[in-house]
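Trainee: Before we look at the model together, I would like to understand how each label is earned. Could we take the terms one at a time and set the values against them?

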Amino acid sequence: MNGFKKNITSKALAERTLFHLKYSRGKDMAAATTFDKMMCFSHAVRDMAVDGFIATQKQYLEQDVRRVNYLSMEYLIGKMLENNMYALGIEKIAVEALKELDITIDDILALDVEAGLGNGGLGRLAACYLDSLATMELPAYGYGIRYEHGIFRQEFDNGWQCERPDEWLALGYPWELVRPEYTLPVCVYGRVKKNFVPGRGTADVWEDFQVFEAVPYDVPIIGYGVSTVNMLRLWKSQAAGGFRLDVFNQGDYVRAVEEKNWAENVSKVLYPSDYTYAGKELRLIQEYFLASCSVRDIIRRYKKSHNDFSKFAEKNVIQLNDTHPTLAVPELMRVLHDEERLPWDKAWEITVNTFCYTNHTLLAEALEKWTVDLLQRVLPRHMQIIFEINHRFLQKVEISNPGSGDMMRKVSLIEEGPQKQVRMANLCVVGSHKVNGVSALHSDLLRTKTMPELDKVFPGKFCNVTNGITHRRWLIKANPELSALVSDNIGEGWKRDLSEIRKFEEQAKSRSVQKSFMEIKRDNKAALCETILDLTGHVVSPDSLFDVQIKRLHMYKRQLLKAMHIIYLYNKIKEDPKAKIQPRTFIFAAKAAPAYLIAKSVIKLINTLGDVINNDVDVAGRLKVVFLPDYNVSLAEKIIPAADISEQISTAGLEASGTGNMKLSLNGALTVGTWDGANIEIAQNVGEDNIFIFGHRTEDLAEMRRKGYNPWSYMDKSKELTKVLEAIRDNIFDPSQPDLFKDIYNDLTEHGDFYFYLADFEAYIKCNEEVDKLYATPTKWAEKAILNVARMGWFSSDRSIQDYCDYIWELKPSPINQVN
């Protein structure tokens, strides 16, 4: 039982809410708005966690525990109020308390704020891991950036994606605690010169740098059913000098706030566009901002209990979630060597033993590289340190592999060429003691295909931890009716230990359970129909098959292949309006990076398909296409419980893992997928009879590429494929703009079809025909869907975190026993 739930009653919670209404909002009940009540109730709930928060931090300090520090550019934590109520075990108490305030829980939850701290799977994974770390009572800190505007709020204008600022902080955020006393300076630019340092002789000294500041904001992360409350620390950038009153009084109003504006830009948005040089520079500063603040905050905390750094790596793990925080490696070296005066070799030993690195991609475009020129301009001392790390590393490689010039070029931190670049992934590998991929296939390809030379240099450094999801949000919270059905049949032990959900498998053939399952699914679909109508104006039927593809929009994720399937079906209807077609509603949700033009064209194509197909009398409602705007956690929580089909159709070998596939399967959607990422492990767990796998495998595509892949040959063999491509080329959906989608057509044909759409098209069509056959037999469909739910226990983020603890972090639980 949660240690700080004791003595909490609905009356006490209501009184605490009224306290905040009076003393935090300055209002009484007569003047209070629904928003006031939401903010005050959120503060009252947060207050309940504060005792646990204080006790947790106190115990970690007093017991000097080993801690993991998780550095990530993204945290898609979603709305927190309902999640925190469940963690505290006060759902029923909350409902009663709000009755005394003349408001319902639904009214309050509707106004809860979703933090704009992430974009895709990387950020949602980080949020799931924080949830599991707290619930498993593990000493952990998350570090990120408090983005003022998130990535962007997506709108559609005539079918095109438009980016608007996400004003999530405009009305305040009730879950954060500002810590100005821990503000840190951040230095950029400047120069390095040789200075005489007493006791060290000549040393490189960084000077004439520009300074701005980082202010930390803490968000409590409440463990479920335990007293542990961990912390997510988010950094906000601000000017060191602030407003220049002297300049303002001289009439130069722009220059008076120039420094303030520049500094605040660093935490203004997630992933500023790197389409321009200024954008690249800002993104690099943003990454260093996260790395520098976090490293020095970890050191500050360590120094509370230690006078030297002999136990720093013993007491701290720093986990790099992808390459974005890579600069933490040279930053820790700089602090240890330059500021703390440790000898280079000792500083490097501590650094390597402290860091671990999770790789999330095999795509060359996503394995970050920064030009040497840019790094020297922005971080001159760090560039020196990277050069020195590389020099010493290559010396060791040469000694152990004499004459291996080709290997040295591949493992080097510096990529030679017209413009020298720093390979951030290589720096992560060299500077960490463990490197993991995020699915079995991905980890194997990372080790054997992407970084085989580094694997040879560092045998045993590479390992695998398959991603996981927190069922507490993605089943218990998102799908309470299905959760209740599971609990009614197997008890509630699965809520604490998801592996116990396997017991639900025994009910897969039960007609009564199948009937209840399908009724719950239809209710969830009906609820999503209301959301679709509200967001798009389209009317869809809950009796159609809901075919769902929700994920970041990228050509390798192949939303376009789904669009090609839709065009194929539409062509079939136009040729024979009486053709027998399984009614389907195709549901998309995705954001494309602002500068990713072809991805934005795919969004426009899908929206155009919706405009035409949804209003075509020949289609007669058998096909509906909807693209829901502004995909986020809250929208996902509505879509996932309603999905019948989960589209996981990435080009084989390119999806590192995926976690949307896990969430959808856990909620009883059947996967249509390639043999890629975590799809493989899902197939192995749920059974290959309970998943639809299609398409060429990784080794097939590699061989096709080696021999010379010719997409035109697939058009020659398939009239249906040719018709689909010609429909895109000529834009038969809007003849007034015949060239609108020529870039998509050219990408699939003349430009070589890099992601093998044409090679997998026929297999994808046949796979979907198998889906239709199964859906026509509801009892068989329900049985397979229930087996998916029951066999997903292994994909808990609790299991993933335990794997990290056992194989990488060597981290032990620290249960919080004393809560005042």
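Mentor: Let us start with the elements: helices (H or I, at least four residues) and strands (E, at least two) are DSSP runs, numbered from the N terminus. By that rule the chain has 35 helices and 23 strands. This is a predicted model, in which local features need pLDDT of at least 70 and side-chain atom pairs count only at pLDDT 80 or more, while totals for chains, interfaces and linings use all residues. Residues are numbered from 1 along each chain as its sequence is written, and side-chain values use heavy atoms, with hydrogens and water left out.

Trainee: What makes the chain as compact as a globular protein of that length?

Mentor: The radius of gyration is taken over C-alpha atoms, and the globule rule is 2.2 Å times the number of residues to the power 0.38. For 820 residues the rule gives 28 Å and the chain has 27 Å, which is close, so the chain is as compact as a globular protein of that length. Along the principal axes, the C-alpha atoms fill a box of roughly 90 × 75 × 65 Å.

Trainee: Why is leucine 374 called buried, and alanine 702 partly exposed?

Mentor: Buried means under 20% relative accessible area, exposed over 50%, and partly exposed in between (1.4 Å probe, protein chains only). Leucine 374, found in helix H14 (residues 372-378), has 2% relative accessibility and therefore counts as buried. Alanine 702, in helix H29 (residues 698-707), stands at 49% and therefore counts as partly exposed. Across the chain, buried residues make up 62% of the 820 residues.

Trainee: Which residues touch leucine 374 beyond its sequence neighbours?

Mentor: Contact means heavy atoms within 4.5 Å. Leaving aside neighbours within four places in sequence, leucine 374 is in contact with Tyr277, Lys280, Glu281 and Leu284. Over the whole chain, among contacts between residues at least 6 apart in sequence, 76% join residues at least 24 apart.

Trainee: What makes helix H3 largely enclosed by the rest of the structure?

Mentor: In helix H3 (residues 81-88), 6 of the 8 residues are buried, so the helix is largely enclosed. The buried ones are Leu81, Asn83, Asn84, Met85, Ala87 and Leu88, and their cover includes helix H2 (34-63), helix H6 (121-135) and strand E9 (210-222). Just after H3, glycine 89 takes a positive phi of about 75 degrees.

Trainee: How do you know that lysine 303 and glutamate 340 form a salt bridge?

Mentor: A salt bridge is a side-chain nitrogen of Lys or Arg within 4 Å of a carboxyl oxygen of Asp or Glu. The closest N and O atoms of lysine 303 and glutamate 340 are 2.7 Å apart, and the pair is a salt bridge. The pair links distant parts of the chain, with lysine 303 in helix H10 (residues 277-303) and glutamate 340 in the loop between helix H12 (328-339) and helix H13 (344-354), 37 residues apart. Lysine 303, at 40% relative accessibility, counts as partly exposed, and so does glutamate 340, at 25%.

Trainee: Where do the partners lie in the salt bridge between glutamate 783 and lysine 509?

Mentor: That bridge is 2.9 Å from N to O, and its partners are 274 residues apart, glutamate 783 in helix H34 (residues 778-790) and lysine 509 in the loop between helix H22 (493-496) and helix H23 (511-536). Lysine 509 has a relative accessible area of 60% and is therefore exposed.

Trainee: Why are arginine 799 and aspartate 803 said to be separated by about one helical turn?

Mentor: They are 4 residues apart in helix H35 (residues 797-809), which is why the separation is about one turn. An α-helix has 3.6 residues a turn, so residues three or four places apart point the same way. Arginine 799 and aspartate 803 meet in a salt bridge (2.9 Å, N to O), and both residues are buried. Elsewhere, salt bridges that share partners join Arg179, Asp218, Arg233, Asp297, Arg300 and Arg301 into one network, and a search of the whole structure finds 70 salt bridges.

Trainee: What is the nearest side chain of opposite charge to lysine 663?

Mentor: Lys and Arg count as positive and Asp and Glu as negative, while His and the chain ends are not counted. For lysine 663, in helix H27 (residues 660-666), the nearest opposite charge is glutamate 637, 9.4 Å away, and lysine 663 is buried yet has no salt bridge.
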